[in-house]
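This report describes the fold of one protein chain, from its overall layout to its cores. The sequence and the structure are shown first.

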Amino acid sequence: MNSWFECKVSYEKLTEGGSPKKITESYLVDALSFTEAEERIIREMQPFVSIGELNVSNIKRAKIAELFPDPSELADRYFRCKVLFVTLDEKSGVEKKAPATMIVKAATLPDAVKKLSTEMDKTLATYEIASVADTTIMDVFPYEAK
C-alpha cells in the first residue's frame, strides 16, 4: 500500500523575458513519513532550480486509494476522482457507499472519466463515480527501490 504525500514547493524560475519569478507547484510523493517526503521532493526538484533556493512550503498526507498513470505525452494533467464502492449490508439490507479517492493522469476531463471507468471495470466491485476534478499536481514521484 502506497503512502502518498502532497508537497508544495516554491522556487524562482526565469520567465521568457529573462526575469526571475517565484512560483509554487504541487507534487505527489510516495514516502513512508513526512521527513522522507520532504527529502525526496527536494532531491527530485533540486536539478530544476537554477536561481535562488527551493522552499518546501507545505506537506500533507493524501489519502489516495489508487493511482492510474498514463505514459502518453498527451496526458499531462492529474485528476482527483471520488469513487463510491457500493455494498449491501446483509443484516439490514441497506445499500452502503464507501468513498475512495483515486488519481488519474489524462489529457482532458472526458479522457480521465473514460480511463477511470476502464480501470474500474476490471474490478468485480460495484461502483459509482461521484466526482472528477482537475488538480494542481504537476507530477507524481512513486517509490523506487535503490
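In which segment is the place of Glu144? Glu144 is found in the segment after strand 8. With a relative accessible area of 61%, Glu144 is exposed; buried means under 20% relative accessible area, exposed over 50%, and partly exposed in between, with a 1.4 Å probe and protein chains only. The C-alpha atoms of Glu144 and Asp30 are separated by 9.1 Å, although the two residues are 114 residues apart along the chain.

The model is predicted: local features need pLDDT of at least 70, side-chain atom pairs count only at pLDDT 80 or more, and totals for chains, interfaces and linings use all residues. Residues are numbered from 1 along each chain as its sequence is written, and side-chain values use heavy atoms, with hydrogens and water left out.

**Overall layout**

The protein contains two helices and eight strands. Helices (H or I, at least four residues) and strands (E, at least two) are DSSP runs, numbered from the N terminus. Along the sequence, their pattern is β-β-α-β-β-β-β-α-β-β. The C-alpha trace spans about 65 × 30 × 25 Å along its principal axes. Of the 146 residues, 36% are buried. Among contacts (heavy atoms within 4.5 Å) with a separation of 6 or more, 64% are between residues 24 or more positions apart.

**The sheet with strand 1**

Strands are taken to pair if DSSP finds at least two bridges between them. One open sheet of four strands has the order 3-1-2-8 and mixed pairing. Strand 3 and strand 8 are its edge strands, each pairing on one side only. On average, neighbouring strands of this sheet are turned by 25 degrees against each other, direction ignored. For such angles, axes are lines fitted to C-alpha atoms, for helices over the stretch in contact, and angles run from 0 to 180 degrees between N-to-C directions.

Strand 1 and strand 2 run antiparallel and are joined by 11 bridges. Their hairpin has five residues between the strands, and Gly18 in this hairpin takes a positive phi near 95 degrees. Strand 1 also pairs with strand 3 in the antiparallel sense, over eight bridges. The table lists residue partners from the pairings of strand 1.

| Residue | Partner | Strand of the partner |
|---|---|---|
| Cys7 | Tyr27 | strand 2 |
| Val9 | Glu25 | strand 2 |
| Ser10 | Asn55 | strand 3 |

**Helix 1 on this sheet**

Helix 1 (residues 34-45) has 12 residues and reaches 16 Å from its first C-alpha to its last, close to the 16 Å expected at 1.5 Å a residue; the expected span is 1.5 Å times one less than the number of residues. Its buried residues are Glu36, Ala37, Arg40, Ile41 and Met45. They cover an arc of only 145 degrees around the axis, which puts them on the same side of helix 1; the arc is that of the directions from the helix axis to the C-beta atoms. An α-helix has 3.6 residues a turn, so residues three or four places apart point the same way.

The cover over these buried residues includes strand 1 (4-14), strand 2 (20-30), strand 3 (51-62) and strand 8 (137-141). Helix 1 lies across these four strands and runs at about 145 degrees to strand 3.

**Nonpolar cores**

A nonpolar core is a set of buried Ala, Val, Leu, Ile, Met, Phe, Trp, Tyr and Cys residues joined through side-chain atoms within 4.5 Å. The largest has 16 residues, and those with the most contacts inside it are Cys7, Val9, Tyr11, Tyr27, Ile41 and Met45. Strand 1, strand 2, helix 1 and strand 3 each give two or more residues to this core. Strand 1 provides the largest share, four residues. Beyond its neighbours within four places in sequence, Cys7 has contacts that include Tyr27, Val29, Ala37, Ile41 and Ile59. A second, separate core has 13 residues, among them Val83, Val104, Ala106 and Met120.

**The other sheet**

Another open sheet has four strands in the order 4-6-5-7, with mixed pairing. Strand 4 (66-68) and strand 7 (126-134) stand at its edges with a single partner strand each, so one side of each is left without a neighbour in the sheet. Its neighbouring strands are turned by 25 degrees against each other on average, direction ignored. Strand 4 and strand 6 (residues 95-106) run parallel and are joined by three bridges. Leu67 has Ile103 in strand 6 as its bridge partner.
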